[in-house]
Amino acid sequence: MKTSPQKTPRQAACKRPAKAVQMSRRAGALTPGETTNLIMIAQEAFHYQSVLKRIEPGTSFADWRRDQVMEAVGLAGISKIGRSDFRTVRAHFLTLAGRDDEAFALLQQTGKKRDHGNPLDTHETSEAIVAKIREALANHATVPAEALQPGKGHIHPGWLIAAARQRTGKPTLTMDTLAERLDPAALVGLLSHLRNHIARRECRDEPSRRSPRRYPPKPDPGSMHEDCPF
(Lines give C-alpha, C1' and ligand atoms only; values in the text may rest on other atoms or scores of the structure.)
Protein backbone atom coordinates (compact mmCIF):
# COMPACT_ATOMS: atom_id res chain seq x y z
CA MET A 1 0.00 0.00 0.00
CA LYS A 2 1.44 3.34 -1.07
CA THR A 3 1.55 5.96 1.64
CA SER A 4 2.41 9.62 1.40
CA PRO A 5 5.36 10.83 3.46
CA GLN A 6 4.50 12.37 6.80
CA LYS A 7 5.39 16.03 7.34
CA THR A 8 7.32 16.93 10.44
CA PRO A 9 5.61 19.40 12.80
CA ARG A 10 8.03 22.12 11.67
CA GLN A 11 7.41 21.48 7.98
CA ALA A 12 3.67 21.49 8.50
CA ALA A 13 3.74 24.66 10.58
CA CYS A 14 5.97 26.78 8.34
CA LYS A 15 4.46 27.08 4.89
CA ARG A 16 6.27 29.43 2.59
CA PRO A 17 4.28 31.28 -0.06
CA ALA A 18 4.79 30.22 -3.66
CA LYS A 19 6.91 33.31 -4.27
CA ALA A 20 8.60 34.95 -1.33
CA VAL A 21 8.53 38.71 -1.18
CA GLN A 22 12.00 40.15 -1.22
CA MET A 23 13.43 43.63 -1.18
CA SER A 24 16.81 44.61 -2.46
CA ARG A 25 18.70 47.85 -2.05
CA ARG A 26 21.98 48.84 -3.60
CA ALA A 27 24.97 48.81 -1.29
CA GLY A 28 25.30 52.00 0.73
CA ALA A 29 21.81 53.28 -0.13
CA LEU A 30 19.66 55.07 2.42
CA THR A 31 17.00 53.27 4.40
CA PRO A 32 13.35 54.29 3.89
CA GLY A 33 13.41 55.98 7.30
CA GLU A 34 16.45 58.07 6.40
CA THR A 35 14.89 59.09 3.09
CA THR A 36 11.69 60.13 4.86
CA ASN A 37 13.70 62.08 7.43
CA LEU A 38 15.49 64.04 4.70
CA ILE A 39 12.25 64.81 2.88
CA MET A 40 10.61 66.09 6.08
CA ILE A 41 13.56 68.37 6.86
CA ALA A 42 13.59 69.53 3.23
CA GLN A 43 9.88 70.44 3.50
CA GLU A 44 10.61 72.47 6.62
CA ALA A 45 13.48 74.20 4.85
CA PHE A 46 11.33 74.90 1.77
CA HIS A 47 8.66 76.55 3.91
CA TYR A 48 11.27 78.54 5.86
CA GLN A 49 12.95 79.80 2.69
CA SER A 50 9.55 80.62 1.14
CA VAL A 51 8.65 82.80 4.12
CA LEU A 52 11.98 84.63 3.66
CA LYS A 53 11.09 85.03 -0.04
CA ARG A 54 14.28 83.32 -1.15
CA ILE A 55 12.53 80.94 -3.56
CA GLU A 56 11.40 81.98 -7.01
CA PRO A 57 7.58 82.10 -7.31
CA GLY A 58 6.19 79.00 -9.00
CA THR A 59 9.11 76.77 -8.04
CA SER A 60 7.86 73.34 -6.96
CA PHE A 61 9.11 71.65 -3.81
CA ALA A 62 10.40 68.66 -5.81
CA ASP A 63 12.42 70.85 -8.18
CA TRP A 64 13.81 72.97 -5.36
CA ARG A 65 14.76 69.87 -3.35
CA ARG A 66 16.62 68.34 -6.29
CA ASP A 67 18.49 71.60 -6.88
CA GLN A 68 19.54 71.75 -3.23
CA VAL A 69 20.81 68.18 -3.20
CA MET A 70 22.78 68.95 -6.37
CA GLU A 71 24.24 72.01 -4.68
CA ALA A 72 25.15 70.05 -1.53
CA VAL A 73 26.71 66.89 -3.00
CA GLY A 74 26.48 67.16 -6.78
CA LEU A 75 23.79 64.48 -7.17
CA ALA A 76 20.36 64.82 -8.76
CA GLY A 77 18.08 64.27 -5.80
CA ILE A 78 17.69 62.33 -2.57
CA SER A 79 17.08 59.06 -4.42
CA LYS A 80 20.58 59.28 -5.89
CA ILE A 81 22.58 59.77 -2.71
CA GLY A 82 24.20 57.11 -0.51
CA ARG A 83 25.24 56.76 3.09
CA SER A 84 28.37 58.84 2.65
CA ASP A 85 26.20 61.80 1.55
CA PHE A 86 23.44 61.54 4.15
CA ARG A 87 25.08 63.69 6.81
CA THR A 88 26.07 66.43 4.36
CA VAL A 89 22.62 66.65 2.75
CA ARG A 90 20.84 66.60 6.10
CA ALA A 91 23.07 69.38 7.43
CA HIS A 92 22.44 71.40 4.26
CA PHE A 93 18.66 71.25 4.73
CA LEU A 94 18.97 71.96 8.46
CA THR A 95 20.87 75.13 7.61
CA LEU A 96 18.21 76.17 5.09
CA ALA A 97 15.58 75.55 7.77
CA GLY A 98 17.32 77.98 10.11
CA ARG A 99 18.68 75.23 12.36
CA ASP A 100 22.34 76.17 12.05
CA ASP A 101 23.37 74.84 15.46
CA GLU A 102 22.00 71.38 14.68
CA ALA A 103 23.69 71.40 11.28
CA PHE A 104 27.03 72.31 12.83
CA ALA A 105 26.72 69.63 15.52
CA LEU A 106 25.82 67.03 12.88
CA LEU A 107 28.87 67.83 10.78
CA GLN A 108 31.09 67.43 13.84
CA GLN A 109 30.02 63.82 14.23
CA THR A 110 32.62 62.32 11.93
CA GLY A 111 35.68 60.19 12.49
CA LYS A 112 36.47 58.50 15.81
CA LYS A 113 33.83 58.73 18.52
CA ARG A 114 36.43 59.01 21.26
CA ASP A 115 40.02 60.22 21.55
CA HIS A 116 41.08 56.87 22.96
CA GLY A 117 40.06 53.33 22.15
CA ASN A 118 39.54 51.34 18.98
CA PRO A 119 40.43 53.45 15.91
CA LEU A 120 37.76 51.53 13.95
CA ASP A 121 35.04 52.81 16.30
CA THR A 122 33.94 55.67 14.05
CA HIS A 123 30.57 57.33 13.54
CA GLU A 124 30.56 56.24 9.91
CA THR A 125 31.27 52.57 10.67
CA SER A 126 28.62 52.36 13.37
CA GLU A 127 26.02 54.16 11.27
CA ALA A 128 26.65 51.78 8.36
CA ILE A 129 25.97 48.78 10.62
CA VAL A 130 22.85 50.38 12.09
CA ALA A 131 21.66 50.97 8.52
CA LYS A 132 21.94 47.21 7.92
CA ILE A 133 19.93 46.60 11.10
CA ARG A 134 17.19 48.95 9.89
CA GLU A 135 17.27 47.32 6.46
CA ALA A 136 16.89 43.83 7.96
CA LEU A 137 13.85 44.99 9.93
CA ALA A 138 12.36 46.72 6.88
CA ASN A 139 12.80 43.66 4.66
CA HIS A 140 11.34 41.39 7.36
CA ALA A 141 8.27 43.63 7.61
CA THR A 142 7.41 42.84 3.96
CA VAL A 143 7.15 39.08 4.57
CA PRO A 144 3.48 38.00 4.61
CA ALA A 145 2.14 37.14 8.05
CA GLU A 146 1.05 33.68 6.87
CA ALA A 147 4.66 32.82 6.09
CA LEU A 148 5.76 33.34 9.69
CA GLN A 149 5.84 30.80 12.51
CA PRO A 150 2.31 30.06 13.72
CA GLY A 151 1.28 32.40 16.51
CA LYS A 152 4.25 34.67 15.91
CA GLY A 153 4.19 38.18 14.49
CA HIS A 154 6.90 40.22 12.86
CA ILE A 155 9.99 41.21 14.78
CA HIS A 156 9.81 44.97 15.28
CA PRO A 157 12.23 47.70 16.41
CA GLY A 158 10.94 47.48 19.98
CA TRP A 159 12.02 43.83 20.15
CA LEU A 160 15.46 44.76 18.87
CA ILE A 161 15.92 47.59 21.36
CA ALA A 162 14.86 45.33 24.24
CA ALA A 163 17.47 42.81 23.12
CA ALA A 164 20.11 45.53 22.75
CA ARG A 165 19.44 46.87 26.24
CA GLN A 166 19.67 43.41 27.74
CA ARG A 167 22.85 42.48 25.85
CA THR A 168 24.69 45.72 26.61
CA GLY A 169 23.32 46.64 30.03
CA LYS A 170 22.29 50.08 28.72
CA PRO A 171 18.60 50.54 29.62
CA THR A 172 18.18 53.88 27.81
CA LEU A 173 19.26 52.78 24.32
CA THR A 174 17.02 53.77 21.41
CA MET A 175 17.18 53.14 17.67
CA ASP A 176 18.46 56.69 17.20
CA THR A 177 21.31 56.27 19.70
CA LEU A 178 22.58 52.81 18.74
CA ALA A 179 25.34 54.12 16.45
CA GLU A 180 26.53 56.68 18.97
CA ARG A 181 26.53 54.52 22.08
CA LEU A 182 27.61 51.10 20.81
CA ASP A 183 30.89 50.15 19.17
CA PRO A 184 31.05 48.22 15.87
CA ALA A 185 31.70 44.88 17.58
CA ALA A 186 28.55 45.21 19.70
CA LEU A 187 26.52 46.35 16.70
CA VAL A 188 27.70 43.45 14.52
CA GLY A 189 26.74 41.05 17.30
CA LEU A 190 23.32 42.67 17.53
CA LEU A 191 22.86 42.47 13.75
CA SER A 192 23.77 38.77 13.77
CA HIS A 193 21.36 38.17 16.67
CA LEU A 194 18.58 39.92 14.75
CA ARG A 195 19.21 38.04 11.52
CA ASN A 196 19.18 34.69 13.30
CA HIS A 197 15.83 35.41 14.94
CA ILE A 198 14.37 36.75 11.69
CA ALA A 199 15.43 33.57 9.88
CA ARG A 200 13.77 31.49 12.57
CA ARG A 201 10.62 33.62 12.55
CA GLU A 202 10.42 33.34 8.75
CA CYS A 203 10.97 29.56 8.91
CA ARG A 204 14.27 29.84 7.07
CA ASP A 205 16.22 28.28 9.92
CA GLU A 206 16.01 24.66 8.80
CA PRO A 207 18.24 22.44 10.99
CA SER A 208 17.66 19.50 8.64
CA ARG A 209 19.36 21.37 5.82
CA ARG A 210 22.55 22.02 7.73
CA SER A 211 25.60 19.92 6.98
CA PRO A 212 26.47 17.70 9.94
CA ARG A 213 29.46 18.90 11.90
CA ARG A 214 32.46 16.61 11.43
CA TYR A 215 34.97 15.99 14.20
CA PRO A 216 38.38 14.27 13.86
CA PRO A 217 38.29 10.64 15.05
CA LYS A 218 39.51 10.06 18.58
CA PRO A 219 42.81 8.15 18.74
CA ASP A 220 42.67 4.49 19.70
CA PRO A 221 44.60 4.12 22.98
CA GLY A 222 45.75 0.67 21.88
CA SER A 223 47.44 2.01 18.76
CA MET A 224 49.18 5.02 20.35
CA HIS A 225 52.96 5.15 20.17
CA GLU A 226 54.74 5.63 23.46
CA ASP A 227 56.09 8.99 22.23
CA CYS A 228 52.59 10.24 21.33
CA PRO A 229 51.86 13.42 23.33
CA PHE A 230 48.25 12.37 23.93
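This report describes the nonpolar cores of a predicted model and two of its residues, arginine 90 and lysine 53.

Residues are numbered from 1 along each chain as its sequence is written, and side-chain values use heavy atoms, without hydrogens and water. Local features need pLDDT of at least 70 and side-chain atom pairs pLDDT 80 or more, while totals for chains, interfaces and linings use all residues.

A nonpolar core is a set of buried Ala, Val, Leu, Ile, Met, Phe, Trp, Tyr and Cys residues joined through side-chain atoms within 4.5 Å. Buried means under 20% relative accessible area, exposed over 50%, and partly exposed in between (1.4 Å probe, protein chains only). The largest such core has 21 residues, of which Leu38, Trp64 and Phe93 touch the most other members. The helices in the table each give it two or more residues; H4 gives the most, with six residues. Helices (H or I, at least four residues) and strands (E, at least two) are DSSP runs, numbered from the N terminus.

| Helix | Residues |
|---|---|
| H2 | 32-51 |
| H3 | 61-73 |
| H4 | 83-96 |
| H5 | 100-108 |

Apart from this core lies another, of 19 residues, including Ile133 and Leu187.

Beyond four places in sequence, leucine 38 is in contact (heavy atoms within 4.5 Å) with residues including Ile78, Phe86, Arg90 and Phe93. Arginine 90, in helix H4, also touches Asn37, Ile41 and Leu106. Arginine 90 is buried without a salt bridge, defined as a side-chain nitrogen of Lys or Arg within 4 Å of a carboxyl oxygen of Asp or Glu. Its nearest side chain of opposite charge (Lys and Arg positive, Asp and Glu negative; His and the chain ends not counted) is glutamate 102, 5.7 Å away.

Lysine 53 lies in the loop between H2 and H3 and has a positive phi of about 60°. Most residues other than glycine have a negative phi. Lysine 53 counts as exposed, because its relative accessibility is 73%.
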